[in-house]
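Me: I have a chain open in my viewer and would like to talk it through with you. Could we go step by step, from the overall fold down to single residues?

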Amino acid sequence: MVAPVPIWRSRVTVDDWLTAAVAVREVGGRLLALWGGAPAEGASVCAAYVTLDGLLWLELPLHGGQTAYPDLVPVFPAAARMQRAAAELSGLHAEGAKDQRPWLNHGAWPVDYFPLRHDTDTAPAFADAPLQDYAFVHVEGDGVHEIAVGPVHAGVIEPGHFRFSVVGEKVLRLEQRLGYTHKGIEQRMTQLPPMQAYRLAGRVSGDSTVAYAWAYCMALESAATCELAPRAACLRALMLERERVANHLGDLGALGNDAAFAFGLAQFSRLREDWLRLSRDAFGHRLMMDCVVPGGVAGDIDPGQIDRLRRQCDDVAREVKTLHAVYDEHAGLQDRFMTTGRVSPALAAQLGLTGLAGRASGQAWDLRCDHPWPPYDLLQVKMATHRNGDVAARVAMRFEEVLESLRLIREILEKLPAGPVRQALGLPDHATRGAGWVEGWRGELFVALELDDAASQHRIRRCHCHDPSWQNWPVLEHAVIGNIVPDFPLINKSFNLSYSGQDL
């Protein structure tokens with residue numbers, strides 16, 4: 001496929017579906033995403049795999065009214081929830097899958113209705129759809145009891161239900177139920193013009209608005225064979241790294257607070273607030289929402305802001321280094337961080353742990369290093385990794401990635417090329433596809449886009465947006481085992497996964 005990162009696409013047969021998955025696993029690859037294909041061409045199921053050579057998008061057509069396909073969970077456990085979501089949205093079922101409980105549907109539509117298989121312009125409302133009882137797994141034994149937390153939490157955060165099976169304060173098992181923030185994004189995408197849908201992509205998960213918008217625009221530009229202007233690419237990278245820094249600063253403060261170190265929350269909150277305010281001044285929005293647009297960026301940066309951005313990087317780097325020393329030398333913090341919520345490299349590899357949390361458990365994957373696209377091909381990003389896989393390792397990852405992003409921002413500002421920041425984008429007359437693959441602050445984001453031909457006004461047949469939280473939420477269930485209940489908020493924050501990003 002035409003894209004700034006190496007992506008291949010192919011159709012496969014039922015016999016090849018599992019064979020390909022096993023082949024990817026044997027060469028050290030991993031499953032990135034699984035979703036139901038565009039219904040306009042008949043039922044199909046798609047999977048995206050990551051290997052050392054790049055990304056492989058495979059589509060399995062299902063003929064003759066068939067709705068079943070081979071289960072991928074025995075090869076890639078991360079496929080379980082993706083397959084459950086595909087079953088609810090597209091009516092496609094993994095044959096022989098052990099877990100076929102609903103995932104996204106909390107009674108919003110009947111179990112025999114599949115939203116992505118119907119005309120979205122005339123989709124009915126189901127005010128009286130029956131609420132299905134969710135069959136949680138029960139743990140039995142002497143002294144075992146359950147603690148139910150959520151879905152409404154004591155803070156301004158998204159809803160999610162966590163059910164702990166415990167003995168005393170030790171966690172034996174955690175089971176999550178998400179889907180409470182399901183918004184029908186994949187269906188809504190098919191109702192929007194391709195040139196406007198980037199705005200919805202940027203709202204899949206608000207803390208990753210730049211990354212999602214870039215992934216969608218990369219997919220659209222891939223479909224249109226549009227090459228990005230160098231200055232536009234640099235401005236996108238500048239915003240992406242500022243997004244990374246903003247989230248890491250917020251997490252470092254919250255992690256200190258969860259370990260009763262309010263000083264850390266105060267200092268990092270101050271740094272993050274100043275960071276967001278300068279983003280607003282330079283780009284027009286604190287989170288830089290709607291700043292990445294098809295063909296480039298919404299507007300150029302004012303020359304007077306460049307020196308402010310550069311000086312802020314120097315100031316933040318100095319303070320972050322000081323706070324890093326404070327965190328490392330604080331005995332109370334290290335007692336809470338070290339060995340807590342550990343995910344071994346072997347378990348991380350088996351379950352497909354990705355992004356920042358994966359790198360903290362020895363999974364050396366970073367798209368900016370593995371397959372650097374412009375302008376990262378000129379920046380030589382230094383990947384941070386750790387092997388302990390505990391809260392302390394995930395905290396250390398954030399400190400190191402903040403400093404590296406600050407270096408990248410300074411280098412981008414120093415070498416910012418002249419030229420246009422946006423160019424016209426024309427879609428071909430025939431039906432086409434595109435894909436976007438971007439390393440966000442939480443991990444890699446993927447967007448698969450399928451467009452109709454010009455006669456159908458290039459209508460979006462299917463747009464699947466994938467968040468790394470799909471892979472990482474199940475790993476959190478394992479990370480908590482053997483820890484005490486009061487450590488769960490700390491472990492949870494060290495992953496800081498998106499509810500909205502995988503509820504779609």
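Me: Happy to start with the contacts: among those between residues at least 6 apart in sequence, what percentage join residues at least 24 apart?

Reply: Keep in mind that this is a predicted model. A contact here means heavy atoms within 4.5 Å. Taking the contacts in the chain between residues at least 6 apart in sequence, the share that joins residues at least 24 apart is 70%.

Me: Thanks! Which secondary structure elements does the chain have, and how many of each?

Reply: Two kinds are counted, helices and strands. The totals for the chain are 16 helices and 14 strands.

Me: And how does the radius of gyration sit with the globule rule for 504 residues?

Reply: The globule rule gives 23 Å for 504 residues, and the radius of gyration of the chain is close to that, so the chain is as compact as a globular protein of that length. Along the principal axes, the C-alpha atoms fill a box of roughly 70 × 65 × 45 Å. The radius of gyration itself is 22 Å.

Me: What share of the residues is buried?

Reply: Buried means under 20% relative accessible area. The accessible surface of the chain is about 19700 Å², and 52% of it belongs to carbon and sulfur atoms. Of the 504 residues, the buried ones make up 58%.

Me: How far apart are the centres of the positive and negative side chains?

Reply: The chain carries 49 positive and 61 negative side chains. Taking the centre of each set, the separation is 4 Å.

Me: Let's zoom in on helix 2. Why can I say that its length agrees with what it should span?

Reply: Helix 2 covers residues 79-90, which is 12 residues. At 1.5 Å a residue these should span 16 Å, and this agrees with the distance between its end C-alpha atoms, which is 16 Å.

Me: Is helix 2 largely enclosed or not, and which residue just after it has a positive phi?

Reply: Of its 12 residues, 11 are buried, so helix 2 is largely enclosed by the rest of the structure. Among the buried ones are Arg81, Arg84 and Glu88. Just after helix 2, a positive phi of about 75° is taken by Gly91.

Me: How about helix 15: which residue takes a positive phi just after it?

Reply: Helix 15 spans residues 488-495, and six of its eight residues are buried, so it too is largely enclosed by the rest of the structure. The buried residues include Phe488, Leu490 and Phe495. Just after helix 15, the residue with a positive phi of about 45° is Asn496.

Me: Now Val171. Is it buried or exposed?

Reply: Val171 lies in strand 9, residues 170-177. Its contacts beyond four places in sequence include Phe164 and Val166, along with Val480 and Ile484. The relative accessibility of Val171 is 2%, so it counts as buried.

Me: And Leu58: how far is its C-alpha atom from that of Ala21?

Reply: Leu58 belongs to strand 4, residues 54-61. It has 4% relative accessibility and therefore counts as buried. Leu58 touches Trp17, Ala20 and Cys46, among others. Leu58 and Ala21 are 37 residues apart along the chain, and their C-alpha atoms are separated by 10.0 Å.

Me: Which peptide bonds are cis at Pro151 and at Pro375?

Reply: Pro151 is in the loop between strand 7 and strand 8, and the bond leading to Pro151 has omega near 15°. Pro375 is in the loop between helix 12 and helix 13, and the bond leading to Pro375 has omega near 5°. The cis bonds in question are Gly150 to Pro151 and Pro374 to Pro375.

Me: Last one: Thr339 and His458 both have a positive phi, so is each one buried or exposed?

Reply: Thr339, with phi near 70°, is in the loop between helix 9 and helix 10. His458, with phi of about 55°, is in the loop between strand 13 and strand 14. At a relative accessible area of 63%, Thr339 is exposed, whereas His458, at 16% relative accessibility, is buried.

How values were computed. Residues numbered from 1 in each chain as written. Predicted model: local features only at pLDDT ≥ 70, side-chain atom pairs only at ≥ 80, totals over all residues. Heavy atoms only, no water. Helix = DSSP H or I, 4+ residues; strand = E, 2+ residues; numbered from the N terminus. Rg over C-alpha atoms; globule rule 2.2 N^0.38 Å. Buried < 20%, exposed > 50% of the residue type's maximum accessible area, 1.4 Å probe, protein only. Areas by Shrake-Rupley, 256 points an atom, 1.4 Å probe, with all protein chains shown as cover. Lys, Arg positive; Asp, Glu negative; His and termini not counted. Charge placed at Lys NZ, Arg CZ, Asp CG, Glu CD. Expected span 1.5 Å × (residues − 1).
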